[in-house]
Structures are given as structure tokens and as C-alpha cells.
Amino acid sequence: MLASKHGALVIKTRELLQQLNPELADDRVALQKAGEQRDRKDKGAWIAEALSLRIAQIAENDVPGLVVVDSVRIPGQVDALRRAFGSLVHHIHLRAQPATLESRWRERDGKSPGITRYEDLSNSTTERNVDRLASIADLVVETDRCTADAVCVRATALLQLYSRSSARNVDVLVGGQYGSEGKGNIVAHIAPEYELLVRVGGPNAGHQVFGDPVEVYYHLPSGSERAPRAKILLGAGAVINVEKLLLEIQTHKLEKGRLFIDRNALVIEERDLVLEKEKLHVIGSTGQGVGAASARRIIDRGQPAPDNVRQAKHIPELRDYLCDAQEILEAAYLRQAPILLEGTQGTSLSLLHGPYPFVTSRDTTAQGCLSDAGIAASRVRRVIMVCRTYPIRVGGTSGDLDLETDWTTIEQRAGLEAGSLKAKEKTTTTKRDRRVGEFDWVQLRRSSLLNAPTDIAITFADYISAKNKNAYRFEQLSPESLRFVDEVERVSGSRVSLISTDFSWRNVIDRRAW
């Protein structure tokens, strides 16, 4: 397991013996006798000599960071390795009851050449004395009291391969309104700074990033193309439309080994799509099956297959991407690699904290996203809350919108071309017209309380003034825009660190101090 999880090179002592004695047959009794002869001759020093020779034969660039010797048999061998390699050596002694050892031998190598009875092996001088190693070991593990995975965890901790501190290397980005805040372009702007991009939620909301053509993301993080070297993780709280996800993977050219999907991520089925279209249209649902699938996750827990909930681990097409998200995250924690968690929709659509029933099927706050991803709050460095200058809601029956206005009024105020906003302000997923309202200061304060943002990102600054399209520095913004930013900072208690002025390549004014 240390080999598969941490890239360890595992070397068996019989290999080292055969390296020093090429004429030795692969016979356990013969190897045991040869080892005992060498131990009597130099008190076990041969093992350090053989290991040094073996490592020297490995190309310099291929030398692993972790070598496991399986296994030392006498105290002299341990002492020799410690003299040769110093503090790098960690001695782990595995022990079990005699009956357990015999049972394992019969399952594993009861048919080894030269050994017909377990007693022939266990009664040798070396085997009888091997438990004396416990007194000098760094760690003693009673293996008949724990699983193989548990042994690996304990060994990994001893080797300090786990992060011992809660490194604050996670930045969380969420929407502060009703979704469609322009999160995609903000993510795309900062994504190249991160090594791991994490996404939760489902395909009921699409994120757009400027490009030629425009990039659209439903499951994948919005920085997938802007940060081509970053790994991508879909957490256990993700809800997946398999057909859509596979198309996204193809569209954005994600190679295997870059994308990881938690085995427990939920899969949308056809019945979920039907149910939502029949029953949830009254609240303006996008009808993508996310809510229905999430409900089944709870209701169908006791149902036998195939009627129970399907997860990513049940889908053959996703097999190459499956993982335990915690393993991917822990590896990033250990490296203190920067992680960006991208939320979906907006705080005011939270199932728990929004204006029920006009809400989505999950908690869309920063803490809700963290829970879906499986990231502890103590890992968070920054929380970036994205707000647009004029909040929107999906057209029709999607719920109240305080101080509702219209696109013509905004165009006239900002000096924008007549009809330009209505033409482009359509939802990414369903292409419905969007309703629009005046900036909601009460909503800003409430969302700030729920998310505790360290930073605010303001988007659609060109809706305040068309002149902002040509603003590339903060001081170039219109006077009204500067006053607006000042007021947002005062009400939210957070710095406005990012300002999007247009949907273009050079559209974000970056005022960050991090």
C-alpha cells in the first residue's frame, strides 16, 4: 500500500540476498539458511551493504523518496541500516498471534518450494527470535487487531507523510446573490495560480468564460482550460449528468490522469429529469434533475439494487476517473498546494438560507460548498464572494426580486447600446430571459454574514457605466463606480479585490494583496 499510495520502492530481503549471492535458488528454506549464515558472519551488516548497492544501481532521477525493506529479521540488521542511513530509517515491527501467522502463510505461500509444513519455517532460530525486534522498533503494530489499510495509515503517520498542520491553502469562491454573478470569468482569471481546482454542485447552472468560442462549464471548474497544469476534482457532493460530463471532458480535452471524480458523486437518471420537469417548473427550476437525484439519495437508502441510488462508482464510463477525494486533497495539503473550490449558483438560492421554496437543492454558501467537497473549514485561506452590479433571477416564476427594473432602464443609465443587454442576458443552461433588479444592499449584508468573505469580486461594472469597458486600472473607473465599490466595502466589511469590467480577455481589475 505504501507503494501504491506514496510511490515507495519495496525491496524484499530475499532480493538483497540474491543480489549478493546470484547462485541462490528461489527456495525459501535455502534463502533462510543463507541469510542466517550471513547474519552469523557479520551480525546483519550485509543488509545495509546490499541495499546501498541496490540504490546505487537506480538512475539518479528515478531514486524514490521512500524505500521499504521487507523485512529485517534480527536487531543487527536494524542497527546496520540505522548506521548506514541515519535518521531516515524508521523501523516498523508487525506482529500477530501464531494462529494468525500460520493462517496467513497457508493463504499466501503455503506451497512455497522447499516448505511443506509451517513448522519448518516457524521453528528456525531466526523466526523464533524475530519478536525481539519489538523492543527496538519505532512502531509496533498488532496486525491481527487492525486491517491492512489501518497498518498503512499508522506507518504513513510515522513516516510523516501526512500533513501535521491544517495548512490554509484553500480558497473558496461563491456567488453572493441568485447565481449568474459572473463567477466563471473570475475563476478563469485566478485559476492559473492553483494546482488543484475543485467543483461541486450539478449541471443545473452553467459557468461561462470568455474565449473563442466562449467556454461553458456545467460540471468542470471554470479554470479548466486557463490552468492546463492544474488537477481537477469533482467532490462527493457533485451531481453528475454522465452524458453531459463526458461531452465536457471531450470538449475541454481533459486527458486521463488530470480529472478525478469521487466514487460517491451522485448520478442523475432519466426519471429525475422527468420528475423535475413535471413538478418543479412552478419555482423556475432548470429541470436538470439535480434536486430529484439529491432527494433520492436520501429516500432510496434502503432500496436494493438496481432501484437504489447510482453513484459514479457504478458507471463504467467513469471508471478511469474514480478516486477517493480525500486522498487527492490530502496529497495537496501535504504539499501545501494552492486549491481553489468553485461553488455554484448563489447564496440566496441556498436550500437552507434562501427564500424557500424558490431555492435550489443544496446549501450554496461557502460552508455548504466545503461540506460537499469534503474540505474542513480550518483549511480555508480566502473566501471570495462574487456579486454583480444588478442581481438577476430566472424569468417567470423563480421568486421575488426586490426593486425589479428592466434592461432598457439599465442600458439608458449606463450609456449602453439599446437592446444589447436583453439580447445577451439569458440563462446559460435553459436560455431563458433573465429578470433584473436594483442592487440589493440587504442581500449583500446577509450574504456577507453567511459567507464571511475575505474578498468581494464585483462583476458587470460596465452596467454602471459603458465607459468602464475601457477601464484597466481601478482609478479609471467612473466616479459612480468608485462610490459603489466604496459602499460595497462598507456594507460587507470586506475588500473589493476583483472588478470585472467586460466579458473580454482583459476584463478584470485585480486589486488583491494575496
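How many salt bridges does the structure hold? The structure holds 28 of them, a salt bridge being a side-chain nitrogen of Lys or Arg within 4 Å of a carboxyl oxygen of Asp or Glu. Before we zoom in, note that this is a predicted model, where local features need pLDDT of at least 70, side-chain atom pairs count only at pLDDT 80 or more, and totals for chains, interfaces and linings use all residues. Residues are numbered from 1 along each chain as its sequence is written, and side-chain values use heavy atoms, with hydrogens and water left out.

**View 1. Arginine 335 and glutamate 195 pair up in a salt bridge.** Side chains of opposite charge can pair when their charged atoms come close. Here the N to O distance is 3.4 Å. Arginine 335 sits in helix 14 (residues 325-335), while glutamate 195 is in the loop between helix 10 (183-190) and strand 6 (196-199), so the pair ties together parts that are 140 residues apart in sequence. Helices (H or I, at least four residues) and strands (E, at least two) are DSSP runs, numbered from the N terminus. Glutamate 195 is partly exposed, at 39% relative accessible area. For that label, buried means under 20% relative accessible area, exposed means over 50%, and partly exposed is in between (1.4 Å probe, protein chains only).

**View 2. Arginine 296 and aspartate 272 form a salt bridge too.** Their closest N and O atoms are 2.7 Å apart. Arginine 296 belongs to helix 13 (residues 290-299) and aspartate 272 to helix 12 (residues 270-279), so this pair ties together parts that are 24 residues apart in sequence. Are these two residues buried or exposed? Both arginine 296 and aspartate 272 are buried.

**View 3. Helix 12 has buried residues on one side and exposed residues on the other.** Asp272, Leu273 and Glu276 are the buried ones to look for in helix 12. They cover an arc of only 100° around the axis, which puts them on the same side of helix 12; the arc is that of the directions from the helix axis to the C-beta atoms. An α-helix has 3.6 residues a turn, so residues three or four places apart point the same way. Flip to the other side of helix 12 and you find Glu270, Glu278 and Lys279, which are exposed. The buried residues of helix 12 pack against strand 12 (266-267) and helix 13.

**View 4. Asparagine 169 is tucked into a loop and counts as buried.** The loop in question runs between helix 9 (148-158) and strand 5 (170-175). Asparagine 169 has a relative accessibility of 8%. Its side chain reaches the backbone oxygen of alanine 337 at 2.7 Å. Leaving aside neighbours within four places in sequence, asparagine 169 is in contact with several residues, including Tyr333, Gln336 and Arg379; contact means heavy atoms within 4.5 Å.

**View 5. Glutamine 336 has a positive phi although it is not a glycine.** Most residues other than glycine have a negative phi, and most peptide bonds are trans. For glutamine 336, phi is about 55°. This residue is in the loop between helix 14 and strand 14, and at 52% relative accessibility it counts as exposed. Alanine 452 is another non-glycine residue with a positive phi, at about 45°. Look for alanine 452 in the loop between helix 18 (441-451) and strand 19 (455-459), where it is exposed at 53% relative accessibility.

**View 6. Leu351, Leu352 and Tyr356 make a nonpolar patch on the surface.** Together they have about 360 Å² of accessible area, worked out by the Shrake-Rupley method with a 1.4 Å probe, where for residues only the protein chains shown count as cover. Patches are made of residues with over 30% relative accessible area and no salt bridge, with like charges joined within 9 Å and nonpolar side chains (Val, Leu, Ile, Met, Phe, Trp, Tyr) within 5 Å. Leucine 351 is in the loop between strand 14 (339-342) and helix 15 (366-373), and it is partly exposed, with a relative accessible area of 34%. What kind of peptide bond joins tyrosine 356 and proline 357? It is a cis peptide bond, with omega about 10°. Proline 357 is found in the loop between strand 14 and helix 15.

Definitions and conventions. Polar contact = N/O pair within 3.5 Å; in protein donor to acceptor, adjacent residues only side chain to side chain.
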